[in-house]
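Reader: Hi! Could you pick one spot in this model, look at it closely, and then walk me outward from there?

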Amino acid sequence: MHGEYKVPGGKLVVVDVEAEDGVLRHVRVAGDFFLEPDEALDAVNAALEGAPADTDTAGLAARIDAALPAGTVMYGLTAEGVGVAVRRALARATDWTDYDWQLIHEAPQPPALHMALDEVLTAEVAAGRRPPTLRVWEWGAPAVVIGSFQSLRNEVDPEGAARHGVEVVRRISGGGAMFVEPGNTITYSLSVPESLVQGLSFQDSYAYLDDWVLGALGDMGVRAWYEPLNDIATDQGKIAGAAQKRIVGPGGGPGAVLHHVTMSYDIDADKMVEVLRIGREKLSGKGTTSAKKRVDPLRRQTGLAREAVIDRMIGSFRARYGLARGELTAGELARARELARTKFGSPAWTARVP
């Protein structure tokens, strides 16, 4: 069995392993990381050899740490990263390059339709009728998008939203509220087979699915990193938030993961605080007392037009994994429009947590 895992902010770890009689055998760890002294790699392999095959990532990492020679130096590598690669091998996880990725980048669409497209496209990936898809959104109207489990009244100031013509919609994933305006936000979705994140914890899957965009930002001169669970940040502040939803496949079989991210390109912070109710507890948890300081726009950090940032992100994804331009099918669009009308545009769904 073969498993690969790129350590967030680090290097690729590759593990080849067999499971015999419930234990790990013939373990071989490799990759483009740096490790000193040379015999430390033999120690890693020996630590994993004979380990129970159901040992979790933390347990595998503990075995590695205990076996490393004194003074071992790892660069681009962690014991946890090796453990993840082992678990992915045993789970027979797939890799990004195993797929023919498709890009969907349509004209601006209403907020409720965007919510519906996420559900429809991810269900199509789960059913095997659509390849893994990167969808870049264009917003047809300003909106507040609240998480699946958030209280409408706690998150949104209805008078502020009405005053600024901001539509409120609820997405199917958890997480916090997002304030978006056309031209000021970069939003994308990944609809991927569940096998791509096999062997990863829920938390690790966030960083794994967005590693490509951290690389793209780095190429634009922005040093960004993941702040667990779901924020992308720089030393200037938060620039993006991510959320996920798992969708079960037909008949309860393997499904798909929806991973979507909203990045602030040029946020109107004054308008944002008039529309969102941002509580003191949430702000204190982020180490700041001002909502305006929580989000730092990409426009200032990159000096690039929004379209140029998007083009570079798409180019980075294509260079890593391959990416062909696609389009929504007539059936997908019809189902999404129906869902937008009956579910995502309905008061019953939007206020399902009052």
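**Starting from one loop**

Author: Leu229 sits in the loop between strand 12 and strand 13 (231-234). Strands here are DSSP runs of E with at least two residues, and helices are runs of H or I with at least four, numbered from the N terminus. Keep in mind that this is a predicted model, where local features need pLDDT of at least 70 and side-chain atom pairs count only at pLDDT 80 or more, while totals for chains, interfaces and linings use all residues. Residues are numbered from 1 along each chain as its sequence is written, and side-chain values use heavy atoms, with hydrogens and water left out.

Now look at the bond leading into Leu229: the peptide bond from Pro228 to Leu229 is cis, with omega near 5°.

Next, a pocket. The second largest one has a volume of about 400 Å³. Of its 23 lining residues, Val7, Pro8, Gly9, Ala207 and Tyr226 are the closest to its centre. Our strand 12 (225-227) is among the elements that give two or more residues to this lining, along with strand 1 (2-6), helix 3 (79-90), helix 7 (202-209) and helix 8 (211-219). Helix 8 gives the most, with four residues. By class, the lining divides into eleven nonpolar, seven polar and five charged residues. (Nonpolar means Ala, Val, Leu, Ile, Met, Phe, Trp, Tyr, Cys and Pro; charged means Asp, Glu, Lys and Arg; the others, Gly among them, are polar.)

How do you tell a pocket from a cavity? On a 1 Å grid over the protein atoms alone, a cavity is a set of points where a 1.4 Å probe fits but cannot get out; a pocket is an open set with protein on both sides within 12 Å along at least five of seven lines, and lining residues have an atom within 4 Å of a point. Points are joined across faces, edges and corners, and the volume is the space filled by probe spheres set on them.

There are three cavities of 30 Å³ or more, and the largest holds about 60 Å³ of space. Its lining includes Met115, Trp137, Arg171 and His260. Strand 14 (237-247) and strand 15 (256-264) are the elements that give it two or more residues.

Met115 also turns up in helix 4, among the residues that meet helix 13. The axes of helix 4 (residues 111-126) and helix 13 (residues 330-344) come within 8 Å and cross at roughly 125°; axes are lines fitted to C-alpha atoms over the stretch in contact, with angles from 0 to 180 degrees between N-to-C directions. That makes helix 4 oblique to helix 13, since under 35 degrees is roughly parallel, over 145 roughly antiparallel, 65 to 115 roughly perpendicular, and the rest oblique. Contact means heavy atoms within 4.5 Å. Leu113 and Val120 are among the helix 4 residues involved, and Leu333 and Phe344 among those of helix 13. This contact has twelve nonpolar, no polar and six charged residues.

Finally, back to cis bonds: the one from Glu36 to Pro37 is cis too, with omega near -5°. Pro37 lies in the loop between strand 4 (34-36) and helix 1. Helix 1 (residues 39-48) packs against helix 2 (residues 57-67) at about 135°, their axes 8 Å apart, which means helix 1 is oblique to helix 2.
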